[in-house]
Amino acid sequence: MSPFSARTGLLLSALLVMAFLTLAGCSRNDLSDGYGNFEATEIVVSSEASGKLIRYDVDEGLRFEKGQVAAVVDTTQLALERRQLRAQLQALLAGKPSVAAEASVFRQQRRNIQRDLDRYARLSSEGAVPAKTLETVQDQARVIDRQIQSVDSKMPAIDSQAKALGDQIGRIDDQITKSVVRNPARGVVLAKYAEPGEVVTYGKPLYRIADTGTMYLRVYLSESQLPSVKVGQEVEVLIDDVKPAAKILKGRVTWISSKAEFTPKIIQTREDRVNMVYAVKVLVENPDGVLKIGMPGEIRFKPAGKS
């Protein structure tokens with residue numbers, strides 16, 4: 001081999017080594033700071049009424065919007081009870097005018113007899129009428145006073161009964177309202193626990209839904225990484241797109257575990273599982289539903305001064 005060829009070969013080898021080291025260095029700089037999977041807040045929706053499910057629009061994998069009607073419990077008996085209570089209330093309130101009229105009659109009688117009392121008291125003091133006559137009129141006045149008291153006591157009783165009936169009607173209204181099961185949060189149904197036509201009781205779970213409007217990426221960091229992260233800190237969240245970890249989203253650290261644990265098997269290799277790590281939850285908005293439960297993700301701490 002000629003000296004020129006030997007020098008050329010050595011130069012090419014050196015260039016290849018330098019290129020490899022350069023690529024390796026870039027690769028290390030592009031490494032993420034944490035790896036994990038997305039999870040969501042799960043909500044178990046239960047029945048707040050007892051009765052037959054006359055509507056149950058729930059199926060696994062179905063997407064629900066917040067406030068969307070998912071199920072309806074039969075309210076026939078509640079509606080009949082409410083109608084009966086309303087009739088009782090109407091009849092009770094209808095009696096108030098007659099009570100008021102009765103009280104007005106007795107008060108007029110009391111005014112009339114008061115004039116007789118004043119007149120007989122004057123005549124009795126002058127000796128024009130016997131004292132017995134005055135006593136008789138006084139007794140009549142006392143009877144009318146007791147009648148007025150009796151009638152006046154009817155009004156508070158009517159008002160009290162009317163309030164009690166109104167409270168019962170309000171309770172039934174609330175039960176009827178709660179018979180319509182409205183989805184509490186936007187998300188995906190993970191599991192269903194009932195079927196149409198089934199008779200349910202108060203508190204029976206109907207389905208489980210995951211709130212996918214906001215997702216959490218649970219990652220695991222080593223103890224040496226903890227000083228670089230704090231609650232409220234903004235981080236970059238990377239997910240797979242056309243290329244692995246090609247799409248960058250905004251995330252915010254909401255929770256850092258205060259207790260160390262072994263690295264989960266799904267995160268690291270066999271050799272790394274013996275390492276102790278700390279779980280960290282990163283909140284990521286998911287208005288378009290791009291993020292899915294269990295999807296892998298990565299985080300990268302933002303360098304100082306980077307927006």
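Which residue in β8 does Lys192 stand opposite? In the predicted model, Lys192 stands opposite Tyr207 of β8. This pair belongs to the description of strand β6 (residues 187-192) and its neighbours. Strands β6 and β8 (residues 205-222) run antiparallel and are joined by 5 bridges. Strand β6 is also linked to strand β3 (residues 63-64), again in an antiparallel arrangement, through 2 bridges. Within the pairing of β3 with β6, Phe64 has Gly187 as its bridge partner.

A further set of strands forms an open sheet of 4 strands, in which the order is β5-β4-β2-β7 and the pairing is antiparallel. The edges of this sheet are occupied by β5 (180-182) and β7 (199-200), each of which pairs on one side only. The edge strand β7 is paired with β2 (residues 51-56) over 2 bridges, in the antiparallel sense. In this pairing, Gly51 is located opposite Val200 of β7.

Turning to the helices, α3 spans residues 96-126 and α4 spans residues 131-178. Their axes approach to within 9 Å and cross at roughly 160 degrees. Angles over 145 degrees count as roughly antiparallel, and α3 and α4 are therefore roughly antiparallel to each other. The crossing in which α3 passes α4 is left-handed. The residues of the contact of α3 with α4 comprise 17 nonpolar, 6 polar and 9 charged.

Definitions and conventions. Residues are numbered from 1 along each chain as its sequence is written. This is a predicted model: local features need pLDDT of at least 70, side-chain atom pairs count only at pLDDT 80 or more; totals for chains, interfaces and linings use all residues. Side-chain values use heavy atoms; hydrogens and water are left out. Axes are lines fitted to C-alpha atoms, for helices over the stretch in contact, and angles run from 0 to 180 degrees between N-to-C directions. Angles under 35 degrees count as roughly parallel, over 145 as roughly antiparallel, 65 to 115 as roughly perpendicular and the rest as oblique. A crossing is left-handed if the near helix is turned anticlockwise from the far one by less than a right angle, and right-handed if clockwise. Ala, Val, Leu, Ile, Met, Phe, Trp, Tyr, Cys and Pro count as nonpolar, Asp, Glu, Lys and Arg as charged, and the others, Gly among them, as polar. Two strands pair if DSSP finds at least two bridges between them.
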